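Colleague: I would like to go through this model feature by feature. Please start with the core.

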Amino acid sequence: MAVLPSPELDGPSLRQLGWDLEDTQAELLLAPAVTEVAGPRVRIRPVAELPLMHVERPEFTGHRRIVKNLFDRSAALFGILLISPMLVALALAVKLTSRGPVFYKHERIGRGGQPFEVYKFRSMVPNADKLVDTLFEESNEGNDVQFKMKRDPRVTRVGAVMRRYSLDELPQLFNVLNGSMSLVGPRPHVTREVQQYGFDMACRLLVKPGITGLWQVSGRSDLSWHDSVRLDVRYVENWTLTFDLMILWKTFGAVLRGSGAY
């Protein structure tokens with residue numbers, strides 16, 4: 001039997017419930033109220049002969065942060081060298097099939113609320129930013145904050161293929177190399193979106209944004225604004241290098257499926 005926290009189930013009530021279950025095969029499981037905190041951070045410790053739940057503080061500094069930074073930059077450099085022929089091929093495809101620059105740079109908000117320029121292969125027509133307001137009023141298939149269209153008329157033919165398999169985001173490896181992003185982290189939001197953060201959402205800015213993250217492997221653009229930010233907050237509070245490796249592994253499957261990518 002699993003029991004959720006509620007005002008009706010106080011100490012005496014739980015003790016009575018335990019007695020009532022004594023002659024049965026049922027087990028009594030108590031679910032903690034801190035549902036977004038992962039298991040490794042939660043410990044039951046006796047204090048003054050009382051079993052109390054101890055929640056470890058999330059670490060945003062120290063040796064684990066240094067290891068993550070070294071891993072990110074080393075992996076990004078290796079990735080750039082490994083896929084350099086693909087990067088050249090994609091750059092030529094963008095240049096030869098549509099007018100405009102090969103790369104698209106856009107300001108996002110990074111760690112500590114500092115703005116930075118995120119790099120992408122250009123997947124839209126050159127004046128795409130000027131058409132957002134008009135398209136937002138006509139059809140917004142994203143969430144309450146972010147604008148998305150499954151058949152965005154601004155997307156080029158090559159851009160549609162790149163966006164389906166997230167190939168347009170490969171230049172962000174250079175963002176990781178220069179230290180403005182991580183391989184895994186919260187989604188990099190624009191200033192307008194950051195201004196709508198609540199108190200709990202602000203912790204996303206304690207870490208660098210990532211090329212991929214829990215949002216990437218959980219639905220991407222199909223997620224609501226609330227779910228997208230909730231996943232980012234969960235990552236920030238529970239991140240480990242092992243967690244990063246798991247997300248990177250799952251990213252390959254999410255990219256191949258192409259779900260939520262438009």
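Colleague: Which residues have the most contacts inside the largest nonpolar core?

Modeller: The model is a predicted one. Its largest nonpolar core holds 40 residues, and Phe121, Leu173, Leu214, Tyr235 and Ile247 have the most contacts inside it.

Colleague: Which elements supply at least two residues of this core?

Modeller: Five helices or strands come earlier in the list, H2, H3, E6, H5 and helix H6 (172-177), followed by strand E7 (182-184), helix H8 (225-238) and helix H9 (241-257); each supplies at least two residues. H8 gives the most, with six residues.

Colleague: What does leucine 214 touch, leaving out residues up to four places away in sequence?

Modeller: Leucine 214 touches Leu231, Arg234, Tyr235, Phe243 and Ile247. Two of these partners, Tyr235 and Ile247, also appear among the residues with the most contacts inside the core.

Colleague: Now the chain as a whole. How many helices and strands are there?

Modeller: The chain has nine helices and eight strands. It runs to 262 residues, of which 40% count as buried. The accessible surface is about 15700 Å², and carbon and sulfur atoms make up 61% of that area.

Colleague: What share of the contacts with a separation of 6 or more comes from residues 24 or more positions apart?

Modeller: That share is 68%.

Colleague: Next, helix packing. How are two packed helices described?

Modeller: The description uses the angle between the two axes and the distance between them. Here, helix H2 (residues 63-82) and helix H3 (residues 84-97) pack at about 65°, and their axes are 4 Å apart. H2 makes the contact through Ile80, Leu81 and Leu82, and H3 through Ser84, Pro85 and Leu87. By class, five of the contact residues are nonpolar, one is polar and none is charged.

Colleague: Which residues of helix H5 are buried?

Modeller: In H5 (residues 157-164), the buried residues are Val158, Gly159, Met162 and Arg163. They lie on the same side of H5 because they cover an arc of only 130° around the axis. These buried residues pack against H3 and strand E6 (115-121).

Colleague: What follows H5?

Modeller: Serine 166 follows H5, in the loop between H5 and H6. Its phi is near 60°, a positive value in a residue other than glycine.

Colleague: Is serine 166 buried or exposed?

Modeller: The relative accessibility of serine 166 is 11%, so this residue counts as buried; the cut-off is under 20%.

Colleague: Before H5 there is another loop. Where is threonine 156, and what is it in contact with beyond its neighbours within four places in sequence?

Modeller: Threonine 156 sits in the loop between helix H4 (132-138) and H5. Its contacts, with those neighbours set aside, are Ser98, Ser123, Met124 and Val125. Threonine 156 counts as buried because its relative accessibility is 15%.

Colleague: And proline 153: buried or exposed?

Modeller: Proline 153 is also placed in the loop between H4 and H5. With a relative accessible area of 56%, proline 153 is exposed, since the cut-off for that class is over 50%.

Colleague: How many residues separate proline 153 from alanine 128 in sequence, and what is the C-alpha to C-alpha distance?

Modeller: Proline 153 and alanine 128 are 25 residues apart in sequence, and their C-alpha atoms are 9.3 Å apart in space.

How values were computed:
Residues numbered from 1 in each chain as written. Predicted model: local features only at pLDDT ≥ 70, side-chain atom pairs only at ≥ 80, totals over all residues. Heavy atoms only, no water. Buried < 20%, exposed > 50% of the residue type's maximum accessible area, 1.4 Å probe, protein only. Contact = heavy atoms within 4.5 Å. Areas by Shrake-Rupley, 256 points an atom, 1.4 Å probe, with all protein chains shown as cover. Axes fitted to C-alpha atoms, helices over the stretch in contact; angles between N-to-C directions. Nonpolar A, V, L, I, M, F, W, Y, C, P; charged D, E, K, R; others polar. Arc of directions from axis to C-beta. Core = buried A, V, L, I, M, F, W, Y, C linked by side-chain atoms within 4.5 Å.
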